[in-house]
Amino acid sequence: MGSLKKNGLPLLSLALCAVLTVALVRQSAEVGSLRAELAEEHRTEEDLAERLDETDTALKSLQASQDQPPISVSFANPSVNTRDRMLTVDIIAELPDADEYSSTIGFCRVGESYRMAWKIEYLYRNGVGIYMQTVTFPLDLEMGLELRLEDDAVLFSSDSIAELLPVRLNYGGTSWHFDSQGQRLYQCDWGADLMDPAGNEVQALDGEFRVYRNGTLVFTGRQMPDNCNVEADGEILDSVGLDCSPGDRMRLCYACTDAFGLRYEFPIWEQLAMRWDDMEEVPLSRRPTVTWPE
C-alpha cells in the first residue's frame, strides 16, 4: 500500500506538469495572436494617420487655390478683315499673381493642351496691373477656340468663334398669340438688342426679323428704329398674322450685318403649335449662323 502511494506521487507530478505545459503553450499562442493583432492594428493606425495627413494636405491645397483670386479674361474691339479672312481682337486678362502665372498664352483647339498651341502670344502688363494684347489670326467661322497658359490653365474656351465676333445678340423677341381655331400665329412688339464681346451696345446694318414655318421662310420684316414695329413690302406693321396649324414648328430669327460685312442670323425661339391656344417652346441652340459677304 505504501509502495503504491510512493509510485503515485511521481505520476501525479508528471500529469500536473503535462497540464501546465499544455496551458503554457496555449497561453503562449494566445499571447502571440494578441501581439499579431496589436501589430496589425498599429499598422492600420499608421496607414490611417498617413491617409489623414494626405487628405489634410489636399484640403489645404484646395483651400489655398480657392482663396486665390480667379483668373479672368475678356475680349474687346474685334474687327474682321473679310478680304483676308482675319480676326483682330484685344485680349484683356487679370492674373492675380504675376510670379505664379505665366503671361504667355497659347491658342488651341478646344480640348488641346498648351503644347499643341498653333499660336503663342505674350500679354504685357499695363499701369493698373491688367494684362493685354492685340492679336490677329485666321478666322474660320466654324472653329472653336481655347486660350491656355503654359501650365494648361484654361483662360477661355468656346466651341464657337462667334463669341469673339463684332456682334452678339443680347436680347431678341416678340409678343405672340396662337389662335388654334383660326390657325393663325399673331406677333407684335418686335425687338432686338445687340452687343459686342465686351458687352457694349452696338448697331448693325440691315436688321430684319425672319419667321420660319417647318423650316421654310414665311415672313421677313425689317427692324424699325422704334424697335417695336417692322416694315414688310414697303408697309410698316405693328402686328403680323401668319398661317399656323397645330403641329407646326415656328422659328423666329434675327438677321443683320456688322460693320465689316459679316452676315449673322441669330435664332431667338422655336415654338410648337398645340391643339389649343398655346405653343410649346422647343429647345434651340443660340449659336448664330455667320456667313462671309458675297
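**Note on a predicted chain of strands, with its core and pockets**

1. Leaving out residues up to four places away in sequence, aspartate 152 touches Ser113 and Tyr114, where contact means heavy atoms within 4.5 Å. Aspartate 152 sits in the loop between strand 7 (145-149) and strand 8 (154-158). Its C-alpha atom is 9.1 Å from that of glycine 106, although the two residues are 46 apart along the chain. With a relative accessible area of 33%, aspartate 152 is partly exposed; the scale calls a residue buried under 20% relative accessible area, exposed over 50% and partly exposed in between, with a 1.4 Å probe and protein chains only.

2. On the basis of the note: this is a predicted model, in which local features need pLDDT of at least 70, side-chain atom pairs count only at pLDDT 80 or more, and totals for chains, interfaces and linings use all residues. Residues are numbered from 1 along each chain as its sequence is written, and side-chain values use heavy atoms, with hydrogens and water left out.

3. The secondary structure of the chain consists of one helix and 19 strands. These are DSSP runs numbered from the N terminus, with helices (H or I) of at least four residues and strands (E) of at least two. Of the 294 residues in the chain, 35% are buried. Among contacts between residues at least 6 apart in sequence, 56% join residues at least 24 apart. The accessible surface is about 17900 Å², and carbon and sulfur atoms account for 50% of that surface; the areas come from the Shrake-Rupley method with a 1.4 Å probe, and for residues only the protein chains shown count as cover.

4. The loop that holds aspartate 152 also contains glutamate 150, between strand 7 and strand 8. Is glutamate 150 buried, partly exposed or exposed? Its relative accessibility is 46%, so glutamate 150 counts as partly exposed. The C-alpha atoms of glutamate 150 and threonine 104 are 6.8 Å apart, with their positions 46 residues apart in sequence.

5. Threonine 104 belongs to strand 3 (residues 104-108) and is buried, because its relative accessible area is 17%. Beyond four places in sequence, threonine 104 touches Tyr114, Ile120, Glu121, Tyr122, Arg148, Leu149 and Glu150. Tyr114 is thus a contact of both threonine 104 and aspartate 152. The C-alpha atom of threonine 104 lies 7.0 Å from that of isoleucine 120, 16 residues away along the chain.

6. The largest nonpolar core has 54 residues, and Ile91, Leu139, Leu165 and Phe219 have the most contacts inside it. Such a core is a set of buried Ala, Val, Leu, Ile, Met, Phe, Trp, Tyr and Cys residues joined through side-chain atoms within 4.5 Å. Strand 17 gives the largest share of this core, five residues. Phenylalanine 219 is in contact with Trp190, Phe209, Arg210, Val211, Val230, Ala232, Leu237, Val240 and Leu242, its neighbours within four places in sequence being left aside. In soluble globular proteins, nonpolar side chains tend to be buried together.

7. The largest pocket holds about 300 Å³ of space. Among its 16 lining residues, Leu169, Phe266, Arg286, Arg287 and Pro288 are the closest to its centre. Strand 9 (168-179) and strand 17 (263-273) each supply at least two lining residues. By class, the lining has eight nonpolar, three polar and five charged residues; Ala, Val, Leu, Ile, Met, Phe, Trp, Tyr, Cys and Pro count as nonpolar, Asp, Glu, Lys and Arg as charged, and the others, Gly among them, as polar. A pocket is an open set of points on a 1 Å grid over the protein atoms alone, where a 1.4 Å probe fits, with protein on both sides within 12 Å along at least five of seven lines; lining residues have an atom within 4 Å of a point. Grid points are joined across faces, edges and corners, and the volume is the space filled by probe spheres set on the points.

8. The second largest pocket contains about 260 Å³ of space. Its lining has 15 residues, with Ala192, Gln203, Gln223, Asn227 and Tyr254 nearest its centre. Strand 10 (184-195) and strand 11 (205-213) each contribute at least two of the lining residues. The lining divides into eight nonpolar, four polar and three charged residues.

9. Two backbone angles deserve a look. Arginine 85 has a phi near 55°, a positive value in a residue other than glycine; arginine 85 is in the loop between strand 1 (72-81) and strand 2 (86-94) and is partly exposed at 42% relative accessible area. Aspartate 206 also has a positive phi, near 55°, but aspartate 206 is placed in strand 11 and counts as exposed because its relative accessibility is 55%.
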